[in-house]
Amino acid sequence: MKIEITSKIIDITPAIRERIESRFEKLERLQVPLITPHVIISKERLMYNIEATAGIPNGKLFAQAEHEDLYAAITDLGQKLERQLTRHIEKPIARRAAAAGKEIPQPEPDEADA
């Protein structure tokens with residue numbers, strides 16, 4: 001996947017690019033195609049601000065994170081995007097359950113695991 005990374009303040013090093021790509025690879029594991037992901041990195045005083053947008057079928061993801069450490073901000077951003085994507089995936093299941101007046105089924109732990 002080609003991720004567009006933009007920054008006017010700092011140079012995008014290979015380590016930064018690799019960290020961002022690894023976070024987006026985790027999102028790809030959820031089996032939802034990400035359309036034109038774009039990450040913007042900026043710095044205000046001592047804080048790094050990171051914003052990301054990505055199109056998905058029937059929607060769009062947007063998240064932003066702020067932290068003193070750039071890599072921590074990237075991790076926070078990835079977690080926020082993952083939560084949004086998970087909510088998007090589970091939305092049809094929740095709607096079907098709500099329409100039927102049933103509770104959403106939760107997976108039960110196996111007895112063999114105990």
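**Exercise 1. Classify Glu 66: is Glu 66 buried, partly exposed or exposed?**

Solution. Start with the relative accessible area of Glu 66, which is 48%. Next, apply the cut-offs: buried means under 20%, exposed over 50%, and partly exposed in between, with a 1.4 Å probe and protein chains only. Glu 66 is therefore partly exposed.

A note on the basis. This is a predicted model, in which local features need pLDDT of at least 70, side-chain atom pairs count only at pLDDT 80 or more, and totals for chains, interfaces and linings use all residues. Residues are numbered from 1 along each chain as its sequence is written, and side-chain values use heavy atoms, leaving out hydrogens and water.

**Exercise 2. Place Glu 66 and find its contacts beyond four places in sequence.**

Solution. Locate the element: Glu 66 lies in strand E4, residues 59–67. Strands (E, at least two residues) and helices (H or I, at least four) are DSSP runs, numbered from the N terminus. Then list the contacts, meaning heavy atoms within 4.5 Å. Glu 66 contacts Met 47, Tyr 48 and Asn 49. Finally, check one pair: Asn 49 is 17 residues from Glu 66 in sequence, yet their C-alpha atoms are 4.6 Å apart.

**Exercise 3. Write the order of elements from the N terminus on.**

Solution. Count first: the chain has 2 helices and 4 strands. The order is β-α-β-β-β-α.

**Exercise 4. Examine phi and exposure at Gln 31 and Arg 45.**

Solution. Recall the background: most residues other than glycine have a negative phi. Now take Gln 31. Its phi is near 65°, a positive value. Gln 31 sits in the loop between helix H1 (14–28) and strand E2 (35–44). Its relative accessible area is 68%, so Gln 31 is exposed.

Turn to Arg 45. Its phi is near 55°, again positive. Arg 45 belongs to the loop between E2 and strand E3 (47–56). With a relative accessible area of 81%, Arg 45 is exposed.

**Exercise 5. Which elements give two or more residues to the largest nonpolar core?**

Solution. Define the set: buried Ala, Val, Leu, Ile, Met, Phe, Trp, Tyr and Cys residues joined through side-chain atoms within 4.5 Å. The largest such core has 25 residues; among those with the most contacts inside it are Ile 20, Ile 41 and Leu 70. The contributing elements are H1, E2, E3, E4 and helix H2 (70–100). H2 gives the largest share, 6 residues.

Follow one member outward. Beyond four places in sequence, Ile 41 touches residues including Ile 5, Ile 16, Ile 20, Ile 50 and Leu 70.
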